Amino acid sequence: MKIAMDKLVAGSIAAVIAAMTITAVVSLDRPAQAATAQAQALVTLPAPTGTADFKPPGIHRAQVVFAGGCFWGVQGVFQHINGVDNAVSGYIGGSAGDASYTRVGSGGTGHAEAVQVTYDPSKVSYGQLMQVFFSVAHDPTQLNRQGPDRGTQYRSAVFADDAGQRDATQAYIAQLQRAKAFAGPVVTTVEGGKRFYPAEGYHQNYLTLHPESLYIRINDLPKVEALKRQYPALYREKPRLVSTLSAR
C-alpha cells in the first residue's frame, strides 16, 4: 500500500474521474454531488434466509472481521450501526511481523486491511451486518481491489472463527448469486483461524476525524449516507468510536 498522501492523491484522481462520468458536471468544489451520485448507485440486497439468517439465542457479544478495501470507510460504516459496540481497523491474514501499514502496503504479506466488528446479536443480527457489508461497505464483485485501490490487501473477505457465522456467510453469498443481485459474481472469500492485528492509532476513526479529506469525501462518506438511507432502522447518527488504547 502506498503512504497516506500518495493514497489520497491517487485515489482522489480516480474517484473524481468516476464521479465526473456519472454526473458529467461534478467538480472538486461540489463533493456533495459526487457523494450523492455514488450513494445512489449502491444496491439494495435481499435479507438473508435459511442458514444465512443466523441468530444464535441468548448471545450478547460476538465478533467478526470484515475486509472490503481501505479500512477507513469500512470502519466508518460499522461505527454508525446500532448494536455495534466496537469497530477496529487492522490487518488479518499474515504474520505478526508484517502487521504494519507500510509492510501491508507491499501487497505481499498475505494481510488484508480489515475491520474487527464487536456487536450485540440481540440488537443487530449477523444477517443485518452482512447486508450492510455486501451492499454499503464495499463492492463484493471487485477482485483484489476496491474503488481506486489495487492489491490483495484490498481483497473482499469475511474472517469468522464461529462456524455459524461462516456457514451463514457462505449461504448468503450463494443466495446473492442465485438472486443475481450483482452484475458479476461475488468474489468474497470466507475464512477462519486467522489472527487480527489492530492498526496504528492514526488509522482509527479516520473517517470521523478527517471528513475534509478528498479521499474520504468521495470514496467513504457516500457509504455512510447510503447506510442512513437504505437501513434507517440500523443507522446511528453518532458513531461509536474506538479508543486509541485499543490500537497500537
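**Figure 1. Contact of helix α5 with helix α8 in the predicted model.** V132, S135, V136 and A137 of α5 meet K223, A226, L227 and Q230 of α8. Sorted by type, the residues of this contact comprise 5 nonpolar, 2 polar and 1 charged.

**Figure 2. Packing geometry of α5 and α8.** Helix α5 spans residues 126-137 and helix α8 spans residues 214-230. The two pack at an angle of about 130 degrees, and their axes lie 10 Å apart. Angles between 115 and 145 degrees fall in the oblique class, so α5 is oblique to α8. The crossing of the pair is right-handed.

**Figure 3. Burial of helix α3.** Helix α3 covers residues 71-79, and 9 of its 9 residues are buried. The cut-off for burial is under 20% relative accessible area. The buried residues are F71, W72, G73, V74, Q75, G76, V77, F78 and Q79. Because of this burial, α3 is largely enclosed by the rest of the structure.

**Figure 4. Packing geometry of α3 and α5.** The axes of α3 and α5 come within 11 Å and cross at roughly 135 degrees. The two helices are therefore oblique to each other. α3 passes α5 in a right-handed crossing.

**Figure 5. Residues in the contact of α3 with α5.** On the α3 side the contact is made by V74, V77 and F78. On the α5 side it is made by L129, V132, F133, V136 and A137. These residues divide into 8 nonpolar, no polar and no charged. V74, V77 and F78 are also among the buried residues of α3.

**Figure 6. Residues of α5 in contact with α3 and with α8.** V132, V136 and A137 of α5 take part in the contact with α3, and V132, V136 and A137 also meet residues of α8. S135 is listed on the α5 side of the contact with α8, while L129 and F133 are listed on the α5 side of the contact with α3.

**Figure 7. The whole protein, as context for the close-ups.** The protein has 8 helices and 8 strands. Of its 248 residues, 52% are buried. Among contacts between residues at least 6 apart in sequence, 80% join residues at least 24 apart. The protein exposes about 10,700 Å², of which carbon and sulfur atoms supply 56%.

Notes:
Residues numbered from 1 in each chain as written. Predicted model: local features only at pLDDT ≥ 70, side-chain atom pairs only at ≥ 80, totals over all residues. Heavy atoms only, no water. Axes fitted to C-alpha atoms, helices over the stretch in contact; angles between N-to-C directions. Helix = DSSP H or I, 4+ residues; strand = E, 2+ residues; numbered from the N terminus. Parallel < 35°, antiparallel > 145°, perpendicular 65-115°, else oblique. Left-handed = near helix turned anticlockwise from the far one by under 90°. Contact = heavy atoms within 4.5 Å. Nonpolar A, V, L, I, M, F, W, Y, C, P; charged D, E, K, R; others polar. Buried < 20%, exposed > 50% of the residue type's maximum accessible area, 1.4 Å probe, protein only. Areas by Shrake-Rupley, 256 points an atom, 1.4 Å probe, with all protein chains shown as cover.
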